[in-house]
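The following exchange examines how certain labels are justified. Please consult the sequence and structure shown here.

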Amino acid sequence: MARVFSGIQPSGELHIGNYLGAVQNWVTLQHQHDCLFCVVDLHAITQPYDVSSLAQRTIEMAIGLLAVGLDPERAIVFVQSHVPEHSELNWLLNTVTPLGELERQTQFKDKAQRHDSIPAGLLNYPVLQAADVLLYRATLVPVGEDQLQHLELMREIARRWNTRFAEGAGFTLPEPQALLATAKRVLGLDGRAKMSKSLGNTIGLFDTPETIWEKLKPAATDPARVTRKDPGNPEICNIFTIHQGFSPPATQQQVAHNCRTAGWGCLDCKRVLADNMIATLTPLRERAQELRAEPGRVREILRAAATKARALARATLARVRQCMGLLEGAEA
Ligand code: TYM
């Protein structure tokens, strides 16, 4: 059975971008593989952040993951900082990571622009991400398209570590592969940038039916559809991408046909989408509500998961330390 690892930052909100791009796939994968899913709080502190709400956002993200169907009996759902081995492997991998590759990362370049003084953590972000996956020797990483460059670097780091340290040791860090969903890049409601909480262009997974409709109504569609009579192209319409996540195949075909022939206006198409989204998301929102009422239970799930993850992490780290020639004796 392949091992799967993926992570999500505790932004506080699961939205339909990270849901369709990654998390929905996680729910399926837990039935097929040995899975770990992580709320990556240590990644979230690489940018200026609100200290007072971090713990709450972390819990809220964990609740979200459980509410959409990750099952603690099937998958290890845990918080990154609860397993300090992530930070240790991060340091060890720093020693084989080329600085030039870090500086070339698009996400680093974008985020660095927003700082006068760039924190080293921002530069090293992808090394921690590599540590996340390699710590469990996971080979499959279900992510959205925006993570592909980090995945490529992760493979490079594994290769370099193996070349330098694994020779003859009978132990390697496998090179992980990205797994992309159909909706690998969901655009925001503005139809321009990637859907992202920081851009304020999201539909939250737990938004109420009223909010979903209020947000969908003005959302961008195929820009060529200026009037109701203009035919559209579903291939370039973000609303159609979202239909592919929430509407059954027969409805998707009907939507595509009615878009191309201008049989429906964009608002008609959005109403069908809203109804399908609401039908799918209402039970998830209710489950999240139930879990919010039981914070002790959620914490216990996270605690038990961290214990399981830690056992796996320690086993890898013991081999890594050994291969790197560090003096034994730290395993208290
Ligand atoms: P994050 O928290 O930004 O996003 C979580 C996952 O959701 C995907 N995603 C999207 N997919 C399609 N369309 C969108 N608009 C969209 N927005 C988000 C992301 O690609 C991601 O898969 N660095 C990672 C977290 C991370 C990680 C890891 C991932 C840390 N360690 C190890 C995989 C393996 C991040 O910031 O994801």
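Q: What makes the meeting of the side chains of Arg310 and Glu85 a salt bridge?
A: A salt bridge requires a side-chain nitrogen of Lys or Arg within 4 Å of a carboxyl oxygen of Asp or Glu. Arg310 and Glu85 have an N to O distance of 3.1 Å, so the pair satisfies that definition. The model is predicted: local features need pLDDT of at least 70, side-chain atom pairs count only at pLDDT 80 or more, and totals for chains, interfaces and linings use all residues. Residues are numbered from 1 along each chain as its sequence is written, and side-chain values use heavy atoms, with hydrogens and water left out.

Q: Which parts does the pair of Arg310 and Glu85 tie together?
A: Arg310 belongs to helix H13 (residues 295–323) and Glu85 to helix H4 (residues 85–94), so the pair ties together parts 225 residues apart in sequence. Helices (H or I, at least four residues) and strands (E, at least two) are DSSP runs, numbered from the N terminus.

Q: Why is Glu85 called buried, and why is Arg310 called partly exposed?
A: Buried means under 20% relative accessible area, exposed over 50%, and partly exposed in between (1.4 Å probe, protein chains only). Glu85 has 7% and is therefore buried; Arg310, at 28%, counts as partly exposed.

Q: How do you know that Asp34 and Arg3 form a salt bridge?
A: Their side chains meet at 3.0 Å, N to O. Asp34 lies in strand E2 (residues 34–39) and Arg3 in strand E1, so this pair ties together parts 31 residues apart in sequence. Asp34 is partly exposed because its relative accessibility is 28%, and Arg3 is partly exposed at 22%.

Q: What separates Arg159 and Glu156 in helix H8?
A: Because they are three residues apart in helix H8 (residues 148–166), about one helical turn separates them. Their side chains meet in a salt bridge of 3.3 Å, N to O. Salt bridges with shared partners join Glu152, Arg155, Glu156, Arg159, Arg160 and Glu175 into one network.

Q: Why does His15 count as buried?
A: His15 has 6% relative accessibility and therefore counts as buried. His15 is located in the loop between strand E1 (3–8) and H1. Leaving aside neighbours within four places in sequence, its contacts (heavy atoms within 4.5 Å) include Met195, Lys197 and Leu205.
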